[in-house]
Amino acid sequence: MLSKNDAFPLDITYGSEEIIRDLYICLDDMRQEYRLKKPFVGVDDRMFGKDNQLPQDGLFKRFAGTGLKDDNLWEVYDPAIRDSAYLSRFQQLCGLLESSVGVSPGILTEPRTGNATATEIKQANAETFAYIDAIRTNIEVAFNQLAYALDVLAEFTGATPAGAMGDWQIIWDWDMSMMEASTETFSQLSELESRGLILPERLVSWVTGMDLDAAKKEVEAAQALQPQTVDSLLMEE
């Protein structure tokens, strides 16, 4: 992604390095917690022969002289795994990273839209969509600049007809499903098409993903298969 002044590229996590480091530390602590809780059997060294060999899987550990009273081999130290504390810390850091990046909750954390309405879900994703829209804008700027540079190069080398510089256009059709349901968009386009405000191929292109030329041929082929009405016969006469 480009920076605001388009001077140099930045990562989407730019400025969040400390939070990410804390996330890695938290994951390492969780890994260590579970590793330290692995069970083992402790035995006195007098139970082994002269070779002093132990199994290699780590299940047995040898102790020589515990120094404990009452002839006990050792005292059991078995604290519960603090998984809830670590998970709470991990989720907190994920929420901080979401806020630092500028996206809505639910990307790294659990979504908060369990009983939300469609409108509330859209509002909950507003920050993420705004972030995505900013990325799309930067992509459009980059490709327009690239196309302009290629156009100038083609004009200079004579690869395009003289005077054709600037005769190009990039069409963008970004997906809006995050903020608008496809059924709503289809209903809007269908209403415009039924009123004659857009061409039928525009609607077919949106539904099928065809380009406008292919969609126009599709519409013409479909109309040719439809039975002629009285009005159409009178118009032909």
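Which residues in α6 meet which residues in α7? The legends below take up that contact and several others in this predicted model.

**Figure 1. The contact between α6 and α7.** Here we look at helix α6 (residues 200–208) beside helix α7 (residues 212–225). On the α6 side the contact is made by Pro200, Glu201, Arg202, Val204 and Ser205, and these meet Leu212, Ala215, Lys216, Glu218 and Val219 in α7. Sorted by class, the residues of this contact are five nonpolar, one polar and four charged. The two helices pack at an angle of about 110°, and their axes are 8 Å apart. Angles of 65 to 115 degrees count as roughly perpendicular, so α6 and α7 are described as roughly perpendicular to each other. Their crossing is right-handed.

**Figure 2. The contact between α5 and α6.** This view stays with α6 and turns to its contact with α5. Helix α5 covers residues 182–194, which makes 13 residues. From its first C-alpha to its last, α5 reaches 18 Å, close to the 18 Å expected at 1.5 Å a residue. The axes of α5 and α6 come within 9 Å and cross at roughly 165°. That angle makes α5 roughly antiparallel to α6, because angles over 145 degrees are counted that way. The crossing of α5 past α6 is left-handed. From α5, the residues taking part are Ser182, Thr185, Phe186, Leu189, Ser190 and Glu193, while α6 brings Pro200, Leu203, Trp206 and Val207. Six of the residues in this contact are nonpolar, three are polar and one is charged. Pro200 is worth a second look, since α6 uses Pro200 to meet α5 and also to meet α7. After α5 comes Gly196, with a positive phi near 75°.

**Figure 3. The contact between α1 and α2.** Now we move towards the start of the chain, to helix α1 (residues 17–36) and helix α2 (83–101). Their axes come within 10 Å and cross at roughly 165°, and α1 and α2 are therefore roughly antiparallel to each other. The crossing is left-handed. In α1, the residues in contact are Ile19, Ile20, Asp22, Leu23, Cys26, Leu27, Asp29, Met30, Glu33 and Tyr34. Their partners in α2 are Asp83, Tyr86, Leu87, Arg89, Phe90, Leu93, Cys94, Leu96, Leu97 and Ser100. By class, the contact holds 14 nonpolar residues, one polar residue and five charged ones.

**Figure 4. Helix α4 and its buried residues.** Helix α4 spans residues 126–157, 32 residues in total. The distance from its first C-alpha to its last is 46 Å, close to the 46 Å expected at 1.5 Å a residue. Which residues of α4 are buried? They are Thr128, Phe129, Tyr131, Arg136, Asn138, Ala147, Asp151 and Ala154. These buried residues pack against α2, the helix you have already met in its contact with α1. Just after α4 sits Gly158, where phi is positive at about 80°.

**Figure 5. Ala126 and Thr128 in α4.** This view picks out two residues of α4, Ala126 and Thr128. Are they buried or exposed? Ala126 has 33% relative accessibility and so counts as partly exposed, whereas Thr128, at 7%, counts as buried. The cut-off behind this is that buried means under 20%.

Leaving out neighbours within four places in sequence, Ala126 is in contact with Ser104 and Met179. With residues up to four places away likewise left out, Thr128 touches Val103, Ser104, Ile107 and Met178. Ser104 therefore appears in both lists, as a contact of Ala126 and of Thr128. As for C-alpha distances, Ala126 and Val103 are separated by 8.4 Å and are 23 residues apart along the chain. Thr128 and Met178 are 50 residues apart in sequence, with their C-alpha atoms 9.1 Å apart in space.

**Figure 6. The whole chain, for orientation.** Stepping back, the chain has eight helices and two strands. From the N terminus on, its elements run α-β-β-α-α-α-α-α-α-α. Of the 237 residues in the chain, 15% are buried. Among contacts between residues at least 6 apart in sequence, 45% join residues at least 24 apart.

Conventions: Residues numbered from 1 in each chain as written. Predicted model: local features only at pLDDT ≥ 70, side-chain atom pairs only at ≥ 80, totals over all residues. Heavy atoms only, no water. Helix = DSSP H or I, 4+ residues; strand = E, 2+ residues; numbered from the N terminus. Expected span 1.5 Å × (residues − 1). Buried < 20%, exposed > 50% of the residue type's maximum accessible area, 1.4 Å probe, protein only. Contact = heavy atoms within 4.5 Å. Axes fitted to C-alpha atoms, helices over the stretch in contact; angles between N-to-C directions. Parallel < 35°, antiparallel > 145°, perpendicular 65-115°, else oblique. Left-handed = near helix turned anticlockwise from the far one by under 90°. Nonpolar A, V, L, I, M, F, W, Y, C, P; charged D, E, K, R; others polar.
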